[in-house]
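Visitor: I am new to reading protein models, and I would like one careful, close look at a place where the backbone does something out of the ordinary. Could you then lead me from that place into the interior, step by step?

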Amino acid sequence: MVERFEKANVSAYLNFLRSKYEAFTGAIQVKSLPCYAMIDPCDICQLRCPTCPTGIESEGLRRGNREDTQIRSKRSRLEPELFDALLEEMGEYLFLIAFHSWGEPLLNEWASSFVRKAKANHIETHMHTNLSLPLSDERLEGLLEAGLDFLFASVDGFTQENYEKFRIGGNLELVKSNLENAARIRDRLGLKTRIIYKFLVFRWNEHEVDAARSYAQDLGIIFQTDDASVPDASWLPSYRNSEKPFLSEDDVNNLNQQWAAAGKPDYWRDYEKHAYWVPVHPGNDWIPVRGPEVGSYCGWHYGVAVIEPGGHVSPCCMTPKEADRLGTVVPGKTRFADVWNGDLYKKSRAAFAGTAVPDLEHADTVCTRCYFPDSLKHVYSHNDFKVFEQFFQTFRGSNPVLEQAFHILSNLKSGEDRIRFAEFFEANLMEFFEGRGASSAPGG
């Protein structure tokens with residue numbers, strides 16, 4: 001089956017093209033809005049996973065170690081008023097909303113209504129949950145009937161003993177019961193939700209992968225293994241034994257000195273000052289600790305929004321601290337577009353473009369000292385092919401100029417191809433954003 005999105009309004013595709021053009025040309029102020037979004041329904045979680053900032057903070061509070069482990073001074077649940085405002089502003093252009101980030105989304109009683117509203121705007125919906133909480137058949141049915149496309153259950157093990165080594169506080173039997181009920185309800189109602197048993201592989205649970213896979217197959221759900229970033233080499237599964245740490249303790253010390261020099265000496269906490277092993281993927285190149293490479297770009301700055309439950313906007317999915325926020329959306333007062341083109345976003349884009357902007361010297365963000373691998377900068381770009389597939393399915397033959405633009409984009413292989421697309425955009429697509437085409441500037 002060919003995967004594609006559901007969008008059928010040409011304005012979403014024009015926005016997508018402009019987003020790519022602005023990324024490839026290193027635009028600092030942009031006129032496009034994001035094509036994908038992570039909107040977190042809840043940054044509270046009942047588990048205490050040892051590498052999750054929320055879990056670390058919860059464990060710190062439990063042990064009375066609040067000072068060094070506090071990441072956010074206030075945690076909350078997404079309110080319908082805020083979600084409605086975001087959808088009104090961005091819904092026309094979004095192809096995908098991922099309803100998760102640093103918390104358990106099903107702790108928000110409005111989660112199903114958020115999914116239903118997104119689907120009414122023809123937006124694909126994803127949700128990652130630990131499923132380790134009581135869920136009635138009525139609650140599960142409401143979530144699935146809302147139109148949820150992908151339900152990812154984070155279940156790292158197949159026995160309670162090994163599962164709870166990472167999912168601290170979780171109940172595996174409760175998780176399995178919820179999985180079984182969700183699969184049964186989905187099949188009874190004839191729904192298309194893809195339910196995924198997602199299994200992070202560690203040294204202590206790798207021998208349980210086959211049993212978990214068989215269980216998922218028997219339920220008629222998808223089984224998916226994945227590799228985690230870990231702070232201890234003894235956690236690595238056997239097939240990652242030769243892996244070297246992505247960040248050594250010396251690297252972390254260097255980064256700590258950079259933050260101190262920027263006037264934020266307490267940015268790095270004690271629990272972060274150790275080596276980290278990050279799974280290697282194709283194209284997962286080393287990014288020097290001196291900061292972003294000049295002439296590069298980050299996909300999060302152009303195509304993806306990360307919005308916390310309280311309306312705070314984060315640079316990417318790896319930046320949970322209050323100190324990392326780039327602004328706050330306030331319904332009726334501050335639009336997302338205001339934050340998207342605020343000084344902190346512009347300074348972040350300029351850092352990657354290698355552009356000096358004197359008016360932004362006062363601004364400082366985590367992006368100016370980015371230490372993440374390239375694969376994380378473009379983690380949502382694998383969804384682009386679904387945009388291409390849907391465009392050609394919906395608009396093939398309707399406009400040769402747009403069709404050629406999407407052909408160029410769908411065959412990108414090098415920096416020269418990016419230049420070719422930018423030149424084609426400037427020569428042929430500007431008229432679409434000057435009131436003569438199907439859409440004017442969404443964020444302008």
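Guide: In this predicted model, please begin with His-122, which is found in the loop between α5, residues 111-120, and β3, residues 124-129. Most residues other than glycine have a negative phi. His-122, however, has a positive phi of about 60° although it is not a glycine. With a relative accessibility of 44%, His-122 counts as partly exposed, because the partly exposed class lies between 20% and 50%.

Leu-131 makes a useful companion, since this residue also is not a glycine and has a positive phi, here of about 55°. Its place is the loop between β3 and α6, the latter covering residues 137-145. Its surroundings can be read from its relative accessible area of 1%, by which Leu-131 is buried.

From Leu-131 we can turn to the interior itself. The largest nonpolar core has 129 residues, and those with the most contacts inside it are Tyr-36, Leu-179, Tyr-197 and Phe-336. To this core α1 gives the most, with 8 residues. If you centre your view on Tyr-197 and set aside residues up to four places away in sequence, you will find that Tyr-197 touches a list of residues that includes Ala-153, Val-155, Phe-158, Leu-179, Tyr-215 and Ile-222. Tyr-215, one of those contacts of Tyr-197, has a further partner, for the charged end of Lys-176 sits over the ring of Tyr-215, 5.6 Å from its centre. A second arrangement of this kind involves Arg-369, whose charged end sits over the ring of Trp-259 at 3.9 Å from the ring's centre.

Rings may also pair with rings. A pair of aromatic rings is described by the distance of the centres and the angle of the planes. The count for this model comes to 38 aromatic pairs. As an example, take Tyr-13 and Phe-391, whose ring centres are 5.7 Å apart and whose planes meet at 55°, so the pair is tilted. Because Tyr-13 lies in helix α1, residues 10-24, and Phe-391 in helix α14, residues 384-395, the pair ties together parts that are 378 residues apart in sequence. Tyr-13 counts as buried at 1% relative accessibility, and Phe-391 is buried with a relative accessible area of 1%.

This pair belongs to a wider cluster linked by ring pairs, whose members include Phe-5, Tyr-13, Phe-16, Tyr-36, Trp-300, Phe-388, Phe-391 and Phe-406. Among these, Phe-406 deserves a pause: this residue lies in helix α15 and counts as buried at 0% relative accessibility. Leaving aside its neighbours within four places in sequence, Phe-406 is in contact with Tyr-13, Phe-16, Leu-17, Val-387, Phe-388, Phe-391 and Phe-392. Although Phe-406 and Phe-16 are 390 residues apart along the chain, their C-alpha atoms are separated by 9.9 Å.

As a contrast, consider Ala-350, which has its place in helix α12, residues 343-353. Ala-350 and Thr-159 are 191 residues apart along the chain, and their C-alpha atoms are separated by 49 Å. Ala-350 counts as buried at 4% relative accessibility. Once residues up to four places away in sequence are left out, Ala-350 touches Ile-28, Thr-355 and Val-357.

Finally, let us look at the empty spaces. Rolling a probe the size of a water molecule over the atoms shows where empty space is left. The second largest pocket holds about 610 Å³ of space, and its lining is made of 33 residues, of which Lys-20, Phe-24, Tyr-297, His-378 and Ser-381 lie nearest its centre. Here you meet familiar helices again, since α1, α13, α14 and α15 each supply at least two residues of that lining. The largest share, 5 residues, comes from α1, the helix that also gives the most to the largest nonpolar core. Separately from this pocket, the model has 1 cavity of 30 Å³ or more. The largest cavity contains about 120 Å³ of space and is lined by 13 residues, with Cys-298, Cys-316, Cys-367, Cys-370 and Phe-372 lying nearest its centre.

Conventions
Residues are numbered from 1 along each chain as its sequence is written. This is a predicted model: local features need pLDDT of at least 70, side-chain atom pairs count only at pLDDT 80 or more; totals for chains, interfaces and linings use all residues. Side-chain values use heavy atoms; hydrogens and water are left out. Rings of Phe, Tyr and Trp (its six-membered ring) pair if their centres lie within 6.5 Å; planes under 30 degrees apart count as stacked, over 60 as edge-to-face and the rest as tilted. Helices (H or I, at least four residues) and strands (E, at least two) are DSSP runs, numbered from the N terminus. Buried means under 20% relative accessible area, exposed over 50%, partly exposed in between (1.4 Å probe, protein chains only). A charge sits over a ring if NZ of Lys or CZ of Arg is within 6 Å of the ring centre and within 35 degrees of the ring normal. A nonpolar core is a set of buried Ala, Val, Leu, Ile, Met, Phe, Trp, Tyr and Cys residues joined through side-chain atoms within 4.5 Å. Contact means heavy atoms within 4.5 Å. On a 1 Å grid over the protein atoms alone, a cavity is a set of points where a 1.4 Å probe fits but cannot get out, and a pocket is an open set with protein on both sides within 12 Å along at least five of seven lines; lining residues have an atom within 4 Å of a point. Grid points are joined across faces, edges and corners, and a volume is the space filled by probe spheres set on the points.
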